[in-house]
Amino acid sequence: MAAKSNSRQTLSFEFFSNLKRFYDENKPAIRRHYKELTKRILDYNDPSKGNAFLRKPQFEALEMYVFLKEFGGNRKVHEIFRDWHDGKNGFEQAKFALSETKEGQISFMKELMFTNPEEYKKAFNYLASASRQYSNYIFALTMGTGKTILMATCIYYEFVLANKFRKDPRYCHNALVFAPDKTVLQSLKEIKDFDVSKVLPPEYANFISTAVKFHYLSDSDTTISTQPGSLFNIIISNTQKIIIKKQHKEKSKLELFYTQPSSRTLQEEPVKKNNAIFDDLSDILDVTEAPQDEKELLPNARFQRIARLPQLGIYVDEAHHAIGNELAKSQTNNKSESSLRTTINELASRLDQAGSRVVACYNYTGTPYINNSIMPEVVYAYSLKDAIKNKYLKETDPISYSNIKSEDFVRNVIKDFWEKEGEKRFEGMLPKLAFFAATINELENELLPIVEKVLDELNIPLDKILVNVGDATITKNDDLREFNSLDTPGSNKQFILLVNKGREGWNCRSLFGVALYREPKSTIFVLQATMRCLRSIGPNQETGHIYLSEGNLQILDSELQRNFNVTLDDIKKQKELPSYTIRMVPPPVKITINRVKRVYSAKKKETCPDGIDFGLVDFDYNKYKVIRTERQSILVTDFAKTQDITETVNRRNFSAYTLVAEIARYFNNEEVSCLTIKKILETSKDGLDLILKSVNLYNDILYDVIIPIIHKNLYEITSTDNSEPEEIELVKINGTPEDTVFVRKCEPDLMLSIQNPYLQDVVEKSFNLDTYCFDSFPEIEFFRKSILDDNVEKIYFTGMLTHGESDFYVNYIDPESHMVRNYYPDFLIKTKDNKWLIIEIKGDNQIDNPVVLAKAEFARKLASDSMFEYFMIKGTDAVKMGFAALPSNGNIQASLM
């Protein structure tokens, strides 16, 4: 197979695939490097040699784990790649199979031949970009294939070999297991609870049972009881419980007074800043940066105990929580580290100082991809497609609904699920259906009442409902016990109503269906929630039922196309941003604008014309049809079956009298009587019968078409504009300019100060505030370029004061809520030829957003009435050109909108 030669070589080069191929082709030669004990453990778990407990993907990952250790010597991925390419350090040609070509024999590197040295260099540099002081490996197995059991097997293999070969530096003597959050932390208890004899011969399983000591940091008060230099400890925690917390902010003199012993002066602080009230603890623990208060004491104490354990192996579960885009940054830019990676790096440094080491860091995740690119240190991958194809997961039949209301969605989902699964039992367990709500309020006030109503209609007992919202005031202890017992034959719960339980860590094999109607804030939640019902159960491959709105199905398609390409920003709590104190710079900037007030009035017409045409004869009803789409599989985008289920949804059935009464509710009965409305319907061009038929089939036609057209024919709507000049302040003064102070948070890279040395020559052109906190990189780049432009006389950043601190705003009507809102444009610029320009910077993908377009429409109206000009600029153009992105003739709309 020829190597890839396109420009995405470094992003899509699958080293792990070639590594697996090399291993399979040369397994006998490779096994000669293994310990006899290792061979026995591998043979014990080989599915091809009997009734092994491990599944094929788990065993293949274990084989690669052992290969990297006993053949590769725990070398880093890029070092293995280099040795492989160069045929050295164990990869010499004579030791392995050769292949034949027209030119004769070539090395086993046939799968990695590069057309030129630059391609090899690019691939090597990409793999090396992730390098650290310790080896780092990523095992990507899709959910449901048993990553936790695989992790436990790897750890126990390490301990068995380490016990027999104590001086061999390749083996871990202790293990630290990281979970990303509390939910996954709970699921890791399986490492301790599962039967070790399933993956180790009995004599070694007994050793594990007696020698291994577990330390489970389930809460913030748990301490670690490990002894320095002790062996065979497994510590299971999340990052926050052992993370090093460094103080970045200098203490005030008052804070120093309360943290310093009375015998110490403030002048000694620079010299003895590490020797505050924890002096003695610092001496005992040898802490370079002692904890500054009690909140930092326990995490640091845990850290120190772990740092005294020899030969530490670090295992990261659900690693994409600590990876995502953050890994993409940290793998290629060591200045951009996640808190987890910082902790691991610091552990490695401390162990190295103590004469020990981090043997390696092993990451377990569901995807080898980040932003459609292969992560550089992936050493094994098993995809979702393979897991479903090989029946390690349930098959799927995704069903989507368009143009359907919440109650009808719930009703259709429950009916379909009950018809397909009902009260069947699988391994003695009832099938479950999970509904995911976006908020607790939505669950309590909307979802739960609808589910209860539908179950009552179907004569299904209401005690089959279980609610878990993660709030102790709503979800009681009994509910939690029921939730934790769902995968037992004794559970009668079948309809599970959840808030924020769709991510990793909830493993319920008897879950047969998931339903998600409202679009959540996080698109990855759609993927994670739908995947919950795919875990296999029973001897046969069952089917997991996925019920989604049409919008959520599109999100699922997008996420599946990336093959679990998730980012940390999607799922993690946003990091705390630094705060900046912002002050007004006198004198205050004032401008004059014309505020236009538009007053609408409705005057009833003297007569209503007969023969009103509602347009129902040629009306396009498609947008009101409720369409149910069922696919053959989650992996197939072709639709298997599309069905119009409009007739099945819950609708109000009007008679002629109730229809007239409903319409009359929207009019003043003294001006428009029921008899008038009845006459309008009967004399219409469409006729009362067609109106009734259309409204009863699609209730929304009454409110979208019938009532608005009647109103338009009964009333004459007029509007008047009143324009008044108004002098406004770009920044409202609070008392005096000196007292006008604001606090804003933003990324440090998006902050510009009036003290910036690079702007001193042009500082008079801007800075009505002493600090600007920008929202995005395109905004700050536009400012940097524009302030240096000779055509710009003044430029003010106005987009940061959005909470009433500025009078410079535009009233607009939100097309989604239909409410009047305030819009604060990004920049106000005065040019050398005395023109005032209002500028908005928008991401390229937001230019056509309906809300953005509505803002632009009203902003142009304000600008034209005030003799200003309004421009919206794409983010990419703002970054490239700054002010030069505006055409000299001022007609930018045609080119950018």
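**Exercise A**

Work out which helices the buried residues of H26 pack against.

*Solution.* Start with what we're looking at: this is a predicted model, where local features need pLDDT of at least 70 and side-chain atom pairs count only at pLDDT 80 or more, while totals for chains, interfaces and linings use all residues. Residues are numbered from 1 along each chain as its sequence is written, and side-chain values use heavy atoms, with hydrogens and water left out.

Next, find the helix: H26 covers residues 688–697. Helices are DSSP runs of H or I with at least four residues, strands are runs of E with at least two, and both are numbered from the N terminus.

Now pick out its buried residues (under 20% relative accessible area; exposed is over 50%, partly exposed in between, with a 1.4 Å probe and protein chains only). They are Leu688, Ile691, Leu692, Ser694, Val695 and Asn696. Finally, look at what these residues pack against: helix H24 (656–664), helix H25 (674–682) and helix H27 (700–714).

**Exercise B**

Is Lys76 buried or exposed? Then find which residues Lys76 touches beyond four places away in sequence.

*Solution.* Locate the residue: Lys76 sits in the loop between helix H5 (56–71) and helix H6 (77–86). Check the accessibility: Lys76 has a value of 17%, so it counts as buried.

Then list the contacts (heavy atoms within 4.5 Å). Skipping residues up to four places away, Lys76 touches Ser131, Arg132, Gln133, Tyr134, Ser135 and Tyr137. Zoom in on Arg132: the side chain of Lys76 reaches its backbone oxygen at 2.2 Å. To finish, try a long jump along the chain: Lys76 and Ala360 are 284 residues apart in sequence, but their C-alpha atoms are 9.0 Å apart in space.

**Exercise C**

Compare the burial of Thr720 with that of Ser786, and list what each one touches.

*Solution.* Take Thr720, which lies in strand S23 (residues 715–729). Its relative accessibility is 45%, so Thr720 counts as partly exposed. Leaving out neighbours within four places, Thr720 is in contact with Lys597, Arg598 and Val599. Its C-alpha atom is 8.1 Å from that of Lys597, though the two are 123 residues apart along the chain.

Move on to Ser786, which belongs to helix H28. Here the value is 0%, so Ser786 counts as buried. Apart from residues up to four places away, Ser786 touches Val792, Ile795, Gly882 and Phe883.

**Exercise D**

In what order do the strands of the four-stranded open sheet stand, and what packs on that sheet?

*Solution.* Write down the order: S27-S30-S31-S32, with mixed pairing. Two strands pair if DSSP finds at least two bridges between them. Mark the edges: S27 (792–797) and S32 (869–874) each pair on one side only. Add the twist: neighbouring strands are turned by 25 degrees against each other on average, ignoring direction.

Now check the pairs. S30 (residues 827–831) and S31 (residues 836–842) run antiparallel over four bridges, and Lys830 has Trp836 in S31 as its bridge partner.

Then add the helices. H28 (residues 777–787) packs on the sheet, touching S27, S30, S31 and S32, at about 155 degrees to S27. H29 (residues 850–865) packs on the sheet too, touching S31 and S32, at about 150 degrees to S32. Such angles run from 0 to 180 degrees between N-to-C directions, with axes fitted to C-alpha atoms (for helices, over the stretch in contact).

One pair is left: S31 and S32 are parallel over six bridges, and in S32, Lys874 is the bridge partner of Lys842.

**Exercise E**

Describe the order and pairing of the seven-stranded open sheet, and explain what is special about its edges.

*Solution.* Read off the order: S5-S6-S4-S7-S8-S3-S11, and the pairing is parallel. Look at the ends: S5 (213–216) and S11 (378–382) each have a single partner strand, so one side of each has no neighbour in the sheet. The twist averages 15 degrees from one strand to the next.

Zoom in on one pair: S4 (residues 174–179) and S7 (residues 312–316) run parallel, joined by five bridges. In S7, Gly313 is the bridge partner of Ala175.

Last, place helix H8 (residues 147–164): it lies across S3 (136–141), S4, S5, S6 (233–238), S7 and S8 (358–365), at about 165 degrees to S8.

Key
Polar contact = N/O pair within 3.5 Å; in protein donor to acceptor, adjacent residues only side chain to side chain.
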